[in-house]
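New to this one? Here is a relaxed walk through it, one piece at a time.

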Amino acid sequence: MLNYDLVVVGGGPAGMAAALQAKEEGVEKIVILERAETLGGILEQCIHTGFGLHYFGEELSGPEYAGRFIAEVEKTDIDVYTDTMVLDVSKENVVTAVNNKDGLIQIKAIAVVLAMGCRERPRGALSIAGSRPAGVMTAGTAQKYVNIDGYMPGKKVVILGSGDIGLIMARRMTLEGAEVKVVCELMPYSGGLKRNIVQCLDDFGIPLRLSCTVIATHGKERLEGVTIANVDEKLKPIPGTEQYIECDTLLLSVGLIPENELSNGVGIELDRVTGGPVVDEYRETLHKGIFACGNVLQVHDLVDYVTEESKIAGKGAANYIFGKKQGGTFINTKGINGVRYIVPQRVNIENEEDVKLYFRVGQVYKGAKVVVECDGNILSSKKKVMLAPGEMENVKITPEMLKNMNENSEITVRIEE
Amino acid sequence: MKKNLICVSCPLGCPIEVEIENGEILSVTGNTCKRGDKYARDELTNPVRSLTTTVKLIGGALPVVPVKSSKPVPKDKMFQCMKLINEASIEAPVKIGDVVIKDILGSGADIVVTNNDSGK
Amino acid sequence: MKYDVAVIGAGVVGSLITRELSKYNIKVALLERANDCAMGATKANSAIVHAGFDAKPGSLKAKLNVRGVELMKVACEELNVPLKNIGAFVVAFSEEEIPHLQELLERGKENGVPGLEIVYRDELVKREPNIGDTAVAALWAPTSSIVCPYELTIAGLENAVTNGAEFLRNCEVKAIKQNNDSFTLETTLGEIEAGIVINAAGVHSGKVAEMIGDTSIEIKPRRGDYYLLDKSQGALAFSTIFQCPTKMGKGVLVSPTVDGNLIVGPSAIEHDDGDNVETTAEGLETVYTSAIKSIPAVSLRNAITSFSGNRAHCTADDFIIGSSEKNKNFINVAGIESPGLSSAPAIAEMVTGIVTELLGDVEKKSAFNPLRPAPVRFREMTSTQRAKLVEKNKAYGRIICRCETITEGEIIDAIHAPAGARDVDGVKRRTRAGMGRCQGGFCGSKVVEILARELNVPVNTITKFGGKSDIMYDKTK
């Protein structure tokens, strides 16, 4: 059995930032376990730009953003195992992993940071009727085929879901010579960033159909076409609006799910809305010494926020390892009136630093106020030009605000129109 | 005349309103930074976009390596750029910043590598 | 190519017949039009080994089902295929349905099904806590089991090939010429000569019989849609939960699978095209609304896939097994719908009996090995076993499918096994790679890579399931 102060599960942007922060805080023995052949995580296939504007003040591509952290990790004595899959994390913080060089590896850790990221929702979760031919895949799978493997997965494409990966792939496939016929979005608004609708769809004349979905796939061997239809307010297809579209590829960009199999294995409590663990302001889960950050905790739209969050987790893990932060009085945060969830779900009121509460809204709001309240006191109220489910927001809680709270307090965040 | 744009300079995507009279830009509003102002003016006179794609990699761990234009290229020349990039190739090892095509189509933008590949 | 026996159709029936025949000193070929075995009804059914109370007493279905349950145990043991004897409940949802349970009980007794009893709500709730509120009583059938139908088919075929049978894939029979004492099969792989032909072509068995002028088989395909739910839902039912059967079949069931998922289905829709396996919104809706009557906690949020299969329903309403009236050396094995999977080992036994009688003095192979070694199943091993395994072969240290914890070594084994995998779905059925929550999103491209490398072909020739089910087209650069 190996011994480390900190084991980081996942070598994407979250894992690397957490490990680097912990190193900066003085943690000695750190190891990153990464299942892919290289560090970088999903950023390796996100070759478009748009990363790093907040964190580095410049616009980088995914591999460039990851590259900066990889270079930092290489400068330290952080151990890295790539092509290594973590099979289990035990209640005693023993991490079991396997690879094809070292075989089965068991590591006893003081603290563990979970940074496994997320996965795409597959077709099965959608109940699309029809045949099961080749040519139906998630947008991320197609992205890997095109950007990493160098192969085109199709030529005539329909995309279901206007999340960012879907939009990015619409442009990517178009640039490589495919014809993207339409992007269908079930909701009456797009889940992607506005700029991606402009530069990935509008620029190429690709239609975006809102309140529209794919109801059936056709073709016995390779996909030959799909039937799309408009949906009503209850998101049910409207009879009579069906339209057949010939295509050989259906890309699905219908949501991301945090990958919490390992967390479930330890018995860590998950938030039903985020799908990630319930954490405090240092991203410590309800299991002592196990932290979570990045998309395994909540699905982010900007990697810059992943980095920010993971540094907090790295610092939290370091504090834990040094025995600095133990116990305290925790109170809950709660999203109400249009606020779907808040991360962190609990805050230590003895905390002496600013705490940012990250949240998402359930629908599009224009000119609405974000109100933070605790025990009947309004802590802050701020008007926002625009609030959309696709864009993560945050509000700040200062130590001064926390000082006036007690163990029965609850911080709520709500939208006022 | 008013024209509404969504700024694509960064993920914020500010909604911008541009007032134009006789082809002259009178005002740009709604942007939250200087880049938005520049974007709006460019968009109405000479729209440009960053281009990201891959280029053939010889002897690499992977068959392709990602590249980007070092600065935005004219929007209407994207496919011409793609054609040139698809005909090009580079030999491993490559590192971030290596230039594959200099001054593509006279745009002033270089096509540069955006990932490291030390080869097989 | 000349064979003593040609079996047409590599479903569970064709596979087990071929295995049974490989016990003899004869030359046997299994002809399959698809790129793999188990590509028809076998890969899309309820995966139940029925106790045998449902079939009409005296019918072939009744006889072979009950015999099949016995033989299934032996076959699964020899072939190392997991068979779980979890029992089944047929639930009555109103007092009016209870006489129906009585009827099934009586019929079961007549068919020789052991252990049947009727239990009432209190007992039922104790054993199935998630059962619906309206359930009043149920028939308990302790001998009902679950098995993975394609795993059984693959294992049977592997064993048959190991014992000398040949597996010809992508071999579609187009026409059959009857010679004096043999047949010439015109296939997509050329002409094949055989002394005896066994027609196990599933939904196409009518069409194949017609090739020798036998028009006695009329198949009316009945499509059934299914949902497969995530493993987190596997414990919603502890046994197979049936509803009272109707004219169209056994109705919608809810059952755990041998791999720990929950299967829900099927609907029953009669149609003309036995190759059409498109699910329909209505079919899936029916499945869902029926299923929540049995187990209200079934939620489609946890569905990982939906699919559909065709029952080879025959208008004669019983299995048709025996020599054709047109030619005694042409043996029909047709109309094999439920309880076809349950009966398959018994069907194989019966057909082999017919074949050996036709051939006269035919010797048993002294070297026949009934055992098919268990494939490596990394996910089921303890840490110590895993450590040892990886030490011996590093390929077992590389996890390809994250959701199901499937290693590269297992995938390589599946490709190089007798009658091994040639496409992504073939790997999936043999190893479960791609069968988990992400449905191959992460591992699909890696599986393609491994297939291409092991088969020494370009990656863009690897298909999802043969034919034109291409996954990748041209290189981008």
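What follows looks at chain C and its contact with chain A, then at some helices and sheets in chains A and B.

Keep in mind from the start that this is a predicted model.

**Chain C and its contact with chain A**

Let's begin with chain C. Its domain assignment gives three pieces: domain 1 (2-42 + 150-217 + 316-359), domain 2 (88-142 + 220-311) and domain 3 (378-461). Taken over C-alpha atoms, the centres of domain 2 and domain 3 of chain C are 32 Å apart.

How many residues of chain C are in contact with chain A? There are 46 of them, and they meet 41 residues of chain A. On the chain C side, the elements that give two or more residues are helix 7 (281-294), strand 18 (303-311), helix 9 (383-392) and helix 12 (444-455). Sorted by class, this side has 17 nonpolar, 16 polar and 13 charged residues.

**A covered helix in chain A**

Now over to chain A and its helix 3, residues 139-149. Is this helix mostly covered or mostly open? It is mostly covered, with ten of its eleven residues buried. Among the buried ones are Lys144(A), Tyr145(A), Asn147(A) and Asp149(A). Right after the helix comes Gly150(A), which has a positive phi near 75°.

Helix 3 of chain A has a partner in helix 4 (residues 164-175) of chain A: their axes come within 9 Å and cross at roughly 35°. The crossing is left-handed. From helix 3 of chain A, the residues taking part are Ala139(A), Gly140(A), Ala142(A), Gln143(A) and Val146(A), and they meet Ile165(A), Gly166(A), Met169(A) and Arg172(A) of helix 4 of chain A. The residues of this contact split into five nonpolar, three polar and one charged. As for the spacing along a helix, an α-helix has 3.6 residues a turn, so residues three or four places apart point the same way.

**Strands in chain A and chain B**

Strands of a sheet pair through backbone hydrogen bonds, either parallel or antiparallel. Here are three pairs to look for:

| Strand pair | Sense | Bridges |
|---|---|---|
| strand 25 (residues 365-374) and strand 26 (residues 377-387) of chain A | antiparallel | nine bridges |
| strand 22 and strand 24 (residues 355-361) of chain A | antiparallel | four bridges |
| strand 5 (residues 52-58) and strand 8 of chain B | parallel | three bridges |

In the pair of strand 25 and strand 26 of chain A, Lys369(A) has Lys383(A) as its bridge partner. These two strands make a hairpin with two residues between them, and there Asp375(A) takes a positive phi near 50°.

Strand 22 and strand 24 of chain A belong to an open, antiparallel sheet of three strands, in the order 22-24-27. At its edges are strand 22 (339-343) and strand 27 (393-397) of chain A. Neighbouring strands are turned by 30° against each other on average, direction ignored. Val339(A) has Val361(A), in strand 24 of chain A, as its bridge partner.

Chain B has an open sheet of five strands with mixed pairing, ordered 8-5-6-10-9. Which strands lie at its edges? They are strand 8 (89-91) and strand 9 (99-101) of chain B, each pairing on one side only. Here the average turn between neighbouring strands is 45°, direction ignored. Lys56(B) stands opposite Ser89(B) of strand 8 of chain B. Helix 2 (residues 78-87) of chain B packs on this sheet, touching strand 5, strand 6 (64-69), strand 9 and strand 10 (111-113) of chain B. The direction of helix 2 of chain B makes about 15° with that of strand 5 of chain B.

Note on methods: Residues are numbered from 1 along each chain as its sequence is written. Chains are lettered from A and ligands numbered from 1 in the order in which they are written. This is a predicted model: local features need pLDDT of at least 70, side-chain atom pairs count only at pLDDT 80 or more; totals for chains, interfaces and linings use all residues. Two residues are in contact if their C-beta atoms, placed from the backbone, lie within 7 Å. Ala, Val, Leu, Ile, Met, Phe, Trp, Tyr, Cys and Pro count as nonpolar, Asp, Glu, Lys and Arg as charged, and the others, Gly among them, as polar. Domain bounds come from an automatic or database domain assignment. A residue is buried if 20 or more other C-beta atoms lie within 10 Å of its own, exposed if 12 or fewer, and partly exposed in between; C-beta atoms are placed from the backbone. Axes are lines fitted to C-alpha atoms, for helices over the stretch in contact, and angles run from 0 to 180 degrees between N-to-C directions. A crossing is left-handed if the near helix is turned anticlockwise from the far one by less than a right angle, and right-handed if clockwise. Two strands pair if DSSP finds at least two bridges between them.
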